[in-house]
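Trainee: I would like to learn how to read the spaces in a protein model. Can we go through one together?

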Amino acid sequence: MGLKSALTHTVLPRRSYLIKSLIAATLLFFVFSAATLYVIALKNEQQQQLIGARTAQFSATYLQNLTDTMKRLSQLPGGSCDMAEDQLSRDAALTLGVRDFLLVRDGLVYCSSATGEMTLAVEDIFSGLDWHKPLDIQLEQGTSFVPNRPVIAIWYRDPDSEGSGVLATLELTLSPYMLFAQTDEGYHGFALIIGDNALTSHNTTLIAVKDLPHSHYSEIRVGDYPFTLRLYAPQITGENIRFTLLAALLLSLMVGALIYFTLVSRHSPEREIMRALRDGQFFVEYQPVMETQSLKVAGLEALMRWQHPFEGRIPPDIFISYAESQGMIVPLTQRMMQLAAEDAHRLQQVMPFKAKFGINISPHHMNKVSFRDDVMNFLSAMPENHFQIVFEITERGMIDNENAMREFNWLRRQGIEIAIDDFGTGHSALIYLEKFTLDYLKIDRGFVMSIDQNTLIAPVLDTVLKLTEELKLKTVAEGVETVQQAEYLRKHGVTLLQGYLYSKPLSAEELMHFTVEVNGGNIVLEK
Ligand code: C2E
Ligand code: CA
Ligand code: CA
């Protein structure tokens with residue numbers, strides 16, 4: 001795992017951002033779909049109402065015109081088909097949808113616009129028609145003239161003469177009605193219902209009313225005419241649903257991605273560190289350093305801590321490395337020095353005179369122009385003359401040896417001791433011993449761990465300790481966890497010991513209690 005991704009994974013909970021974005025996208029998907037389908041349903045309903053109103057209007061006008069014509073025809077000089085025939089044929093030709101006009105007297109048809117003179121009882125043509133009524137409408141599967149072609153019969157009685165009137169047969173097609181529906185995507189069909197029969201836009205023959213679909217229709221009545229029209233149209237069509245779901249999917253994917261990238265970019269590790277500095281999320285813990293022979297507290301190492309409000313504790317290994325790689329180590333160290341110096345004023349009450357005050361300094365920081373100013377600020381913030389400040393510097397990242405040597409010398413002139421941290425883990429360890437004037441070597445935890453175990457590293461530790469003895473370098477062993485390790489290190493002349501065997505890193509308060517408990521009051525450590 002790379003440096004950036006290490007911190008990114010710790011500080012930036014990408015997985016949790018992903019989950020949040022997915023939840024938001026899913027919610028949006030459902031809310032958008034529901035709202036859109038609701039609006040579509042409303043719109044479809046309005047549209048259907050409009051179609052219904054137009055259909056009713058059309059039917060009313062048509063029937064009005066038709067009955068007007070029939071009224072006129074009923075007033076033709078009665079009795080003879082010869083005199084009426086021309087007028088009858090002309091009107092039949094000019095009236096939309098009319099197949100035939102028939103003149104009736106005393107229940108007998110005596111003249112047809114199609115076939116001329118004839119004599120046939122009305123019942124023989126349309127058995128269901130009631131010619132006693134002023135107006136009747138009948139739907140039949142066919143007439144005796146044209147069987148098997150649905151036909152509508154309209155009876156208009158002459159108001160002045162019982163049993164006389166005009167009968168119209170209409171070419172039955174619902175196409176004029178369909179025209180109204182063409183704009184409506186949700187259109188499913190029409191049904192014309194007269195009595196128990198219905199003609200639909202889907203069937204060429206009549207069907208019984210009870211066999212019509214029972215849902216998704218609105219019923220249209222036209223005046224007092226004895227028929228109804230049904231407009232079949234679902235409120236929401238399959239196409240509506242498909243379109244809405246697709247749009248919702250695209251929209252929520254886009255919004256989800258937007259939320260995710262906004263979350264990630266607003267919470268970049270750099271911003272998180274700057275925010276942490278601003279909000280005081282960093283604090284310092286102190287691990288006591290013990291004098292090997294007396295096992296009294298002889299100093300401390302200050303360790304930076306980051307308590308993130310959501311992510312909890314973030315390991316210093318991760319955020320320090322990240323800050324180093326992003327050039328943010330300087331503000332972090334400045335904060336660290338500021339906090340440590342504040343605590344030092346309280347700690348000096350219990351810590352022995354000239355106790356080691358270890359601060360970790362990144363080699364990157366030493367190359368920065370502000371380095372000397374930062375050090376001077378720290379020195380002036382520290383209590384005067386009580387602590388022996390030790391800068392713990394790892395050899396990792398120390399590329400510019402010239403500069404390092406110059407800064408080391410400058411630091412020592414300011415009274416600061418230098419310790420090489422994690423000694424033995426870098427490859428150039430021995431070169432340092434030759435080139436630099438150092439005070440301490442901090443023997444890496446890896447070496448200390450090897451003491452109990454019969455590993456190949458153990459002899460290396462022996463050699464290193466012999467070398468430090470010859471060079472008269474003081475040593476601190478870190479990560480001491482067992483009595484055996486401590487025993488071995490004492491025998492081999494290690495100056496100071498640090499590790500969980502004695503104490504974990506503590507708050508300033510805890511360290512003060514620990515020190516009083518172990519040292520039994522202020523003691524002066526001989527240099
Ligand atoms: P380090 O300088 O080697 O610090 C010692 C680390 O070993 C600390 O881890 C400490 O808690 C841990 N440790 C101490 N005793 C034992 C033990 O007996 N057993 C085990 N297993 N571990 C022990 P921590 O605090 O997590 O720090 C990790 C590293 O982060 C430090 O290693 C140091 O390199 C860096 N660091 C911490 N604070 C600062 C800081 O203020 N500035 C800089 N530049 N680096 C820092
Ligand atoms: Ca250290
Ligand atoms: Ca170390």
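Trainee: Which residues around ligand 1 come nearest?

Mentor: First, the ground rules. This is a predicted model, where local features need pLDDT of at least 70, side-chain atom pairs count only at pLDDT 80 or more, and totals for chains, interfaces and linings use all residues. Residues are numbered from 1 along each chain as its sequence is written, chains are lettered from A and ligands numbered from 1 in the order in which they are written, and side-chain values use heavy atoms, with hydrogens and water left out. A residue is near a molecule if one of its heavy atoms lies within 4 Å of it. Here 21 residues surround ligand 1, and Gln 287, Arg 305, Arg 445, Glu 481 and Tyr 500 come nearest.

Trainee: Which polar side-chain atom lies 2.9 Å from a nitrogen atom of ligand 1?

Mentor: Look for polar contacts: pairs of N or O atoms within 3.5 Å. Gln 287 supplies that atom. Asp 421 has a polar side-chain atom 3.0 Å from an oxygen atom of the ligand. For Asn 360, a side-chain N or O atom is 3.1 Å from an oxygen atom of ligand 1.

Trainee: How much of ligand 1 does the protein bury?

Mentor: Accessible areas come from the Shrake-Rupley method with a 1.4 Å probe. Taken alone, ligand 1 exposes 790 Å², and the protein buries 86% of that.

Trainee: Which element gives the most to the shell around ligand 1?

Mentor: Helices (H or I, at least four residues) and strands (E, at least two) are DSSP runs, numbered from the N terminus. β13 gives the most, with 4 residues. The elements that give two or more residues to this shell are β13 (297-308), α8 (316-325) and β17 (417-423).

Trainee: What is the volume of the largest pocket?

Mentor: Start with the idea. Rolling a probe the size of a water molecule over the atoms shows where empty space is left. On a 1 Å grid over the protein atoms alone, a cavity is a set of points where a 1.4 Å probe fits but cannot get out; a pocket is an open set with protein on both sides within 12 Å along at least five of seven lines; lining residues have an atom within 4 Å of a point. A volume is the space filled by probe spheres set on the points, which are joined across faces, edges and corners. The largest pocket has about 1200 Å³. Its lining has 40 residues, and Glu 301, Leu 303, Pro 316, Asp 317 and Asn 360 lie nearest its centre.

Trainee: What takes up space in the largest pocket?

Mentor: A molecule sits in a pocket if more than half of its atoms lie within 2 Å of its grid points. Ligand 1 takes up the largest pocket.

Trainee: How many cavities of 30 Å³ or more are there?

Mentor: The count is 1. The largest cavity holds about 80 Å³ of space. Its lining includes Val 289, Glu 301 and Tyr 440.

Terms used: Polar contact = N/O pair within 3.5 Å; in protein donor to acceptor, adjacent residues only side chain to side chain.
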